[in-house]
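Please open the model in your viewer and keep the sequence beside it. The tour below moves from the whole chain to single residues, with one selection at a time.

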Amino acid sequence: MEYLSLGRIIKTKGLKGVVKIISCTEFGAQRYKKGNVVYLENPQTHEMVKMTVAYYNQEKGFDYVSFEGFEDINLIEPYLQYYVNVIKEDLPPLPKDTYYHDDLVGCVCI
């Protein structure tokens with residue numbers, strides 16, 4: 001199973017479990033749509049935790065997300081600095097001549 005990184009949780013916002021994500025995706029509104037499944041990756045152990053998006057907003061270039069069952073700051077704080085991933089195979093196909101950034105790593109330009 002191959003994962004595609006969407007970003008990293010950098011801090012909380014407010015008391016209702018919303019996290020601020022520094023994203024490396026241009027499609028935050030699609031990736032963090034309510035009900036979508038993402039996987040939080042522990043940066044030390046690489047353990048994955050499955051989460052379902054409950055809320056999404058974009059503000060000043062950052063994505064703000066909360067997850068079902070984690071609508072409290074005390075529940076989500078242990079996940080600070082975790083990476084946010086999706087399963088690449090679960091994403092819709094890209095248009096012709098469009099690629100994910102990680103597909104281009106190691107390619108030779110001529």
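What follows is a walk through a predicted model, with a short account of what is found at each stop.

**Stop one: the whole chain**

Begin by showing the whole chain as a cartoon, where you can trace three helices and six strands. If you follow the chain along its sequence, these elements come in the pattern β-β-α-β-β-β-α-β-α. Turn the model slowly and compare its three directions: along the principal axes, the C-alpha atoms fill a box of roughly 50 × 30 × 25 Å. The radius of gyration is 15 Å, which agrees with the value near 13 Å that a compact globule of 110 residues would have.

Now switch on a surface, which exposes about 7200 Å², with carbon and sulfur atoms supplying 54% of that area. Of the 110 residues in the chain, 36% are buried. Colouring by charge shows 12 positive and 15 negative charges, and the mean positions of these two groups are 7 Å apart. How many of the contacts between residues at least 6 apart in sequence join residues at least 24 apart, as a percentage? The share is 58%, and some of the next stops show individual pairs of residues that are separated along the chain.

**Stop two: Ile-9**

Select Ile-9, which has its place in strand β1, a strand that covers residues 3-13. Is Ile-9 buried or exposed? Ile-9 is buried, because its relative accessible area is 0%, and this is under the 20% cut-off for a buried residue. Next, show the residues in contact with Ile-9, leaving aside its neighbours within four places in sequence; among them are Val-19, Lys-20, Ile-21, Leu-40, Tyr-79 and Val-84. Then add Ile-22 to the selection and draw a line between the two C-alpha atoms, which are 6.6 Å apart in space although Ile-9 and Ile-22 are 13 residues apart in sequence.

**Stop three: Leu-91 and Phe-27**

Move on to Leu-91, in the loop between β6 and α3, where α3 spans 101-104. Leu-91 counts as buried, at 15% relative accessibility. Apart from its neighbours within four places in sequence, Leu-91 is in contact with Leu-4, Arg-31, Val-86 and Tyr-100. The partner Leu-4 deserves its own selection, since Leu-91 and Leu-4 are 87 residues apart along the chain while their C-alpha atoms are separated by 9.5 Å.

Phe-27 lies in another loop, the one between β2 (18-23) and α1 (28-31). Phe-27 counts as partly exposed, with a relative accessibility of 39%. From the C-alpha atom of Phe-27 to that of Leu-6 the separation is 9.0 Å, and the two residues are 21 residues apart along the chain.

**Stop four: two backbone angles**

Most residues other than glycine have a negative phi. With that in mind, select His-46, which is not a glycine and yet has a positive phi of about 65°. His-46 lies in the loop between β3 (37-41) and β4 (48-59). Then select Gln-81, where phi is also positive, at about 75°, in a residue that is not a glycine. Gln-81 belongs to the loop between α2 (73-76) and β6 (83-87), and it counts as partly exposed at 35% relative accessibility. Gln-81 is also one of the residues in contact with Ile-9, which links this stop to the second one.

**Stop five: the cysteines**

Finish with Cys-24 and Cys-107, and display their sulfur atoms. Why does Cys-24 form no disulfide? The closest cysteine sulfur, in Cys-107, is 18 Å from the sulfur of Cys-24, and this is too far for a bond, given that a disulfide needs two cysteine sulfur atoms within 2.5 Å. A search of the whole structure likewise finds zero disulfides. Cys-24 counts as partly exposed at 46% relative accessibility, and Cys-107 counts as partly exposed at 48%.

Notes:
Residues numbered from 1 in each chain as written. Predicted model: local features only at pLDDT ≥ 70, side-chain atom pairs only at ≥ 80, totals over all residues. Heavy atoms only, no water. Buried < 20%, exposed > 50% of the residue type's maximum accessible area, 1.4 Å probe, protein only. Helix = DSSP H or I, 4+ residues; strand = E, 2+ residues; numbered from the N terminus. Rg over C-alpha atoms; globule rule 2.2 N^0.38 Å. Contact = heavy atoms within 4.5 Å. Areas by Shrake-Rupley, 256 points an atom, 1.4 Å probe, with all protein chains shown as cover. Lys, Arg positive; Asp, Glu negative; His and termini not counted. Charge placed at Lys NZ, Arg CZ, Asp CG, Glu CD.
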